[in-house]
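This report introduces one protein chain to a reader who has not seen it before. The overall picture comes first, and single residues follow.

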Amino acid sequence: MGASTPSVLLSIVSWNSAATIEACLRSVLRQSYRDFVVWVVDNASADDTCARVAALAATDARVRLHRLPQNTGFCGGHNYALDRTRTDYVLLVNPDVDMAPDYLARALSAMQRDARIGAVCGLLVQSHDADPRIDSAGLLALPGGRYGLRHHNELLSQTTVQPGWVAGADGALPLYRRRFIDDLRVEGQFFDERFFAHKEDWDVAWRGELYGWRTWLEPGCRAVHPRVFRPGNWALRQRLNGAIKADAVKNQLLLLIKNAPAGQALRTWLRALPRQLAILLFLVLREPRSLTAYRYVWRHRRALWGARQRVQARARRGWQPPAERPLPVAPLLSICVPCYHRPELLSRALASIGPLPAEVEVLVSDNSVADDACEEAAHRLLTPQPAGQWRYYRNPAGSTAVDNFRLCLQRARGRYVLHLHDDDYLLAGGLALLLGTLRRVQTSHQAVLFGVEVVDMERRLLRHQQVSQETYLPPAEAVEQLLTNSSFVRIPAIVVSRAAYAEAGGLDESLGSTGDTDLWARVFARHGVLRTPARVAAYTVHAAAITARMFTPPTIDNLLRIFEKVRATGLLPEPRLRRAQAHFFHQFILAGAYRSLQQHDADAARQVLELFELPALRQLPVPARWAPARLGLAALLLSAPRFPNAGTTAGPASARTPAPASAPAPAH
């Protein structure tokens with residue numbers, strides 16, 4: 001798009017904003033500058049915000065609603081939009097703002113005054129009164145790493161507001177240059193999501209100043225913003241949610257830790273100390289629950305120190321806008337890396353990816369809660385990569401592997417998605433093979449299954465899993481293969497388009513750890529799958545894999561539900577589906593029993609074999625292929641000693657324990 005008509009994203013993050021969102025959007029759509037798109041990112045509103053947005057979106061194609069399954073805060077919501085778009089400029093719009101029709105046009109004009117301008121802010125007032133009180137006219141830097149709202153609560157008639165440089169932009173309605181956004185990213189994030197929803201605009205203002213960017217106030221840009229959280233209102237503070245109050249304390253500490261300039265850190269902290277001591281005393285006497293802010297800072301001290309080092313290292317270089325390297329709006333491939341308290345394995349997985357081509361992004365989705373080790377590993381390995389091409393996410397405490405899979409799909413921007421678990425890795429040249437194939441087939445195939453090497457924890461090759469030549473399996477044949485061979489799909493070998501995942505309806509979370517099989521069945525039923533002999537990844541089998549607890553009656557029930565869903569489609573004739581079911585469950589159960597024996601747990605192996613006695617499985621025929629293995633394992637376990645309490649209904653130690661090529665293979 002030409003420089004005369006720059007593209008703009010208007011990013012609105014809503015949360016229970018039904019009372020104001022329609023007026024806000026109407027003011028947005030009245031803007032005289034028309035070349036923009038509007039993303040409303042809804043943070044799991046409990047009211048009818050989404051319905052109201054959807055109704056307006058139906059009348060104007062520029063409005064797009066994105067519903068998030070949980071509240072990610074101001075920071076997470078805007079990052080969601082920033083990470084998925086590449087417009088020249090971004091205007092953040094609070095859902096309670098009412099903009100004058102020329103706000104955007106005037107802000108864009110002001111941005112052209114100087115290449116160093118990273119942000120433009122306008123004059124916000126609190127009401128539509130004839131002589132309203134000012135809400136903000138940019139930010140004012142205060143001692144000790146704090147900021148204030150310029151001219152806040154002053155009557156407009158009694159104040160002269162001139163255009164000029166200010167310390168920063170209020171987060172209610174700032175226009176940002178895309179180069180400013182990309183330059184300020186730390187660890188992949190523009191807004192530090194540890195802030196959640198308070199003082200994040202202070203963080204951006206301070207970091208922008210450190211990097212040499214400037215903020216321009218254009219008073220001709222007018223809007224109404226009836227601020228709810230007003231500075232210094234202690235009566236209001238007592239009514240706030242406890243988490244918000246703790247965040248206010250925590251975020252001031254984060255500001256100081258990250259941004260206090262290296263040569264002035266001691267002076268900055270000394271100037272902040274009296275206020276910080278007063279806050280601590282207040283919390284001890286009046287608000288002890290907010291003392292969790294200090295616990296948070298201590299627990300995350302290493303990650304915060306790492307963030308500080310990155311901020312200060314960039315600050316030492318001064319104003320250096322990053323070289324223009326336009327990325328496609330949607331990368332060709334998103335590599336999603338779910339991780340689980342295993343920093344050494346995560347480091348191996350990330351190192352295997354190598355330098356990122358422009359058409360690839362990497363997302364690390366971390367379920368760790370005990371420490372910051374995975375976060376630190378991700379930053380260490382990915383910081384040398386282009387800032388706009390990787391992101392790190394810490395998932396909420398209690399998130400499961402199923403949650404992680406879903407979140408990866410939600411966050412990915414690429415045309416295709418590859419899940420590379422932290423205990424797997426790409427082979428040398430694997431990424432190039434992936435991209436070469438995807439470039440070739442992107443107009444014809446939605447699902448591609450590559451070859452893998454099955455290895456142990458020492459990277460010793462156990463077997464290859466691949467086809468001899470490239471073959472397309474049409475829908476019925478692809479689903480039949482998936483439901484016949486429980487290890488047909490290895491996670492690091494399957495690449496599916498985001499469009500196909502969305503068309504299939506996403507993950508059925510009620511199916512637990514079997515939800516991926518169900519999702520692939522629905523994808524294959526629509527698109528089939530292209531099998532290619534190229535080996536691109538290593539699938540690691542080991543005793544600590546997350547598939548350890550799959551060999552249980554609930555898992556069998558979920559797998560049976562998948563077969564019933566396929567049966568209901570009529571895609572496969574009943575005899576073929578019945579034959580596939582017999583093969584699938586024999587392979588699955590015998591693999592679990594075999595792996596328990598490898599862990600020297602005969603009682604667990606017996607429990608797994610007893611799954612054959614479940615009423616739904618008892619009637620299955622015994623395929624000739626699996627009859628010897630079933631009889632042999634049963635005979636072996638008859639002679640094995642029993643140890644009280646040695647087994648567990650949770651199943652064997654792992655579904656990723658090494659097995660010889662002749663042994664039954666486990667589920668993914």
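## Annotation from the record

UniProt positions are given in the numbering used here, and annotations may be inferred rather than shown by experiment. The model itself is predicted. In an unreviewed entry, UniProt lists residues 12–131 and 334–488 for "domain: Glycosyltransferase 2-like".

In the model, residues 12–131 are 32% helix and 27% strand, with the end C-alpha atoms 28 Å apart. Residues 334–488 are 34% helix and 26% strand, and the C-alpha atoms at the two ends of this span lie 22 Å apart.

## The chain as a whole

The protein chain contains 23 helices and 22 strands. Its C-alpha atoms fill a box of roughly 95 × 55 × 45 Å along the principal axes. The radius of gyration is 28 Å, which agrees with the value near 26 Å for a compact globule of 668 residues.

Of the 668 residues, 57% count as buried. Among contacts with a separation of 6 or more, 81% join residues 24 or more positions apart. The chain exposes about 27100 Å², and carbon and sulfur atoms supply 56% of that area. There are 80 positive and 60 negative charges, and the mean positions of the two sets are 3 Å apart.

## Helix H21

How many of the eight residues of helix H21 (residues 602–609) are buried? Seven of the eight are, so the helix is largely enclosed by the rest of the structure. The buried residues are Ala602, Asp603, Ala604, Ala605, Arg606, Val608 and Leu609. They pack against helix H20 (574–598) and helix H23 (627–639).

## Asparagine 558 and leucine 140

Asparagine 558 is in helix H19, which covers residues 553–569. Is asparagine 558 buried or exposed? Its relative accessibility is 15%, and because buried means under 20%, asparagine 558 counts as buried. Leaving aside residues up to four places away in sequence, asparagine 558 touches Ser510, Leu511, Gly512 and Thr514.

Leucine 140 is in strand S8 (residues 139–142). With 43% relative accessibility, leucine 140 counts as partly exposed. Again not counting residues up to four places away in sequence, leucine 140 touches Arg146, Tyr147, Gly148, Arg150 and Ala167. Between leucine 140 and serine 486 there are 62 Å in space, C-alpha to C-alpha, and the two are 346 residues apart in sequence.

## Two residues with positive phi

Most residues other than glycine have a negative phi. Which values do alanine 44 and lysine 199 have for this angle? Alanine 44 has a positive phi, near 60°. Lysine 199 also has a positive phi, of about 70°, although it is not a glycine.

Alanine 44 is in the loop between strand S2 (36–43) and helix H2 (49–57). Its relative accessible area is 31%, so alanine 44 is partly exposed. Lysine 199 is in the loop between helix H5 (178–184) and helix H6 (200–211). With a relative accessible area of 15%, lysine 199 is buried.

Conventions: Residues are numbered from 1 along each chain as its sequence is written. This is a predicted model: local features need pLDDT of at least 70, side-chain atom pairs count only at pLDDT 80 or more; totals for chains, interfaces and linings use all residues. Side-chain values use heavy atoms; hydrogens and water are left out. Helices (H or I, at least four residues) and strands (E, at least two) are DSSP runs, numbered from the N terminus. The radius of gyration is taken over C-alpha atoms; the globule rule is 2.2 Å times the number of residues to the power 0.38. Buried means under 20% relative accessible area, exposed over 50%, partly exposed in between (1.4 Å probe, protein chains only). Contact means heavy atoms within 4.5 Å. Accessible areas come from the Shrake-Rupley method with a 1.4 Å probe; for residues, only the protein chains shown count as cover. Lys and Arg count as positive and Asp and Glu as negative; His and the chain ends are not counted. The place of a charge is taken as NZ of Lys, CZ of Arg, CG of Asp or CD of Glu.
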